[in-house]
Every structure is written in structure tokens, then in C-alpha cells.
Amino acid sequence: MKFFIDTANLAQIKEAADLGVLDGVTTNPSLMAKEGIKGKDNILKHYVDICHIVDGDVSAEVIATDFKGIVEEGEMLASLHENIVVKVPMIKDGVKALRYFTDKGIRTNCTLVFSPGQALLAAKAGATYVSPFIGRIDDVSSDGIQLIADMRLIYDNYGFETQILAASIRHAMHIIDCARLGADVATCPLSAILDLLKHPLTDIGLEKFLADAKK
Ligand code: G3P
């Protein structure tokens with residue numbers, strides 16, 4: 001399972017990379033705004049800065065919602081660095097653009113996926129990654145993890161190479177459940193990755209080992 005970090009915060013990206021378990025980064029316009037990154041040039045520079053920290057895929061999201069605009073913006077983003085993956089929304093023109101990018105060898109991440117039908121369509125269009133937003137599904141009293149199970153079944157039934165990139169992860173149990181079901185990637189806040197470290201018996205055990213070592 002690959003671990004991506006879901007943030008545009010350079011310090012958090014560095015911390016996860018230093019841990020030695022980071023395979024990539026996902027961003028979105030909300031995460032860029034949260035870091036105060038404004039204006040086209042600053043945003044593009046920020047993507048390149050992220051690419052210099054992590055040797056792995058970095059998702060950069062288009063803002064355009066029409067086919068021509070998505071294609072122009074996506075090609076520009078892809079030209080920034082070889083590790084950029086163009087993030088495209090699950091809308092009609094987005095699906096058309098996924099096929100266009102796939103045919104041109106540009107890697108993609110289809111975002112805002114909330115149903116098995118959307119996930120099937122994105123895979124048919126050749127998306128490299130598809131991002132089911134499991135936390136937001138849970139937020140509306142539905143079952144985000146069930147979508148991961150449905151996607152795994154559908155993709156395996158037909159041998160789709162599209163990778164399931166579990167997104168909108170809120171806590172460590174989301175990561176564990178996604179790993180159980182065979183999601184290819186989990187994109188997580190740093191806190192959820194660090195929560196995987198925690199177990200009270202580890203703390204108690206270490207305390208005792210260290211105390212015994214002094215005897
Ligand atoms: O990368 C997009 C996705 O992870 C969003 O998460 O927490 O805003 O639902 P969240």
C-alpha cells in the first residue's frame with residue numbers, strides 16, 4: 001500500500017518524508033488556500049517545491065470545468081515536473097479529459113468520487129488514480145469504506161489497472177480498513193499516519209524495557 005500525504009503544508013510533507021514512508025502527495029484548491037498560497041505563479045511554484053521534497057507522485061488539481069480548459073490547464077501542470085499527476089473532477093468534461101490525458105501519456109487522478117458508478121467510469125476513461133472520498137461519505141451517514149470494497153471488486157473483475165487512492169481519510173482506522181480491502185493508496189493527514197504508531201502496550205513495554213536495562 002502506498003502512503004500519500006493530503007496537504008500542501010511543506011513542513012508536514014517534509015516530516016512525513018523524513019519518516020521514510022511517504023510515496024506521494026495530494027493537494028486540492030482548499031488545501032492550497034489553507035496554506036495561503038494565492039495567485040497562479042505562487043501556486044505553480046508551490047507544486048514544484050513539493051516535487052523537490054518528495055520523490056513520488058504529486059497531484060495538482062485543475063480549476064477549469066470545461067474540456068478545453070481542463071486540457072490546457074492539465075497540460076501546463078504536467079509540464080511543471082515529471083512527478084505531477086493531473087487531478088480532474090468527476091464531471092462529464094472531466095471524464096473526456098481523462099481519456100485525452102491517458103491517450104497522451106499524462107497521468108491523472110480523478111477526484112470527487114462518491115459512487116461505484118463514478119469509479120467505473122473513471123477507470124474506463126483510463127484514470128491512473130481514482131479518489132473515493134470516504135470521510136465525506138461517512139459525514140453524510142453513509143459507508144465510505146463500502147465504496148472501497150465495491151471499487152476493489154469491480155476493478156479486479158475486469159483487470160482495470162486504475163489505482164484506488166482512498167481520500168478524505170480522517171483517522172488511522174480508515175487507513176487500516178482501506179489496507180484490509182486492498183486500496184492501492186491512502187492519502188492521509190499527517191496526524192492519521194502518526195496515529196498508526198500508537199499503542200499503549202508499546203509505551204508500557206518500552207518503559208519496562210528501559211527500566212530493566214538500568215538494573
Ligand atoms: O484530497 C482530497 C480529500 O482528501 C479531501 O479530504 O478531509 O477535505 O474531506 P477532506
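## Strand β3 and its neighbours

In this predicted model, strand β3 and strand β4 (residues 84–89) run parallel and are joined by four bridges. One residue pair along this edge is E61 with K87, the latter being the bridge partner in β4. The connection between the two strands passes through helix α4 (residues 67–78), and β3, α4 and β4 together form a right-handed β-α-β unit.

Strand β3 (residues 57–61) is also joined to strand β2 (residues 24–26), by three bridges and again in the parallel sense. Here G24 has D57 as its bridge partner in β3, and V25 has V58.

## Burial of β3

In a regular strand, side chains alternate between the two faces of the sheet. In β3, D57, S59 and E61 point one way, whereas V58 and A60 point the other way, and all are buried. Because five of the five residues of β3 are buried, that is, under 20% relative accessible area, the strand is largely enclosed by the rest of the structure.

## The closed barrel

The pairings described above belong to a closed barrel of eight strands, which runs β1-β2-β3-β4-β5-β6-β7-β8 with parallel pairing. From one strand to the next, the twist averages 30°.

## Strand β6 and its neighbours

Strand β6 (residues 129–132) is covered on both faces. Y129 and S131 lie on one side, V130 and P132 on the other, and all of these residues are buried.

Strand β5 (residues 108–113) pairs with β6 in the parallel sense over three bridges, and C110 stands opposite V130 in β6. Between these two strands the chain crosses through helix α6 (residues 116–124), making a right-handed β-α-β crossover. Strand β7 (residues 163–166) also pairs with β6 in the parallel sense, over two bridges; the bridge partner of Y129 in β7 is Q163. Y129 is thus placed both among the buried residues of β6 and in the pairing with β7.

## A nonpolar surface patch

Outside the strands described above, M173, I176 and L196 make a nonpolar surface patch of about 220 Å². Of these residues, I176 is located in helix α9 (residues 172–181). I176 is partly exposed, with a relative accessible area of 31%. Since residues of a patch must have over 30% relative accessible area, the value of 31% allows I176 to be counted.

Technical notes: Residues are numbered from 1 along each chain as its sequence is written. This is a predicted model: local features need pLDDT of at least 70, side-chain atom pairs count only at pLDDT 80 or more; totals for chains, interfaces and linings use all residues. Side-chain values use heavy atoms; hydrogens and water are left out. Patches are made of residues with over 30% relative accessible area and no salt bridge: like charges are joined within 9 Å, nonpolar side chains (Val, Leu, Ile, Met, Phe, Trp, Tyr) within 5 Å. Accessible areas come from the Shrake-Rupley method with a 1.4 Å probe; for residues, only the protein chains shown count as cover. A salt bridge is a side-chain nitrogen of Lys or Arg within 4 Å of a carboxyl oxygen of Asp or Glu. Buried means under 20% relative accessible area, exposed over 50%, partly exposed in between (1.4 Å probe, protein chains only). Two strands pair if DSSP finds at least two bridges between them. Axes are lines fitted to C-alpha atoms, for helices over the stretch in contact, and angles run from 0 to 180 degrees between N-to-C directions. A crossover is right-handed if, with the strands pointing away from the viewer, the path from the first strand over the helix to the second runs clockwise.
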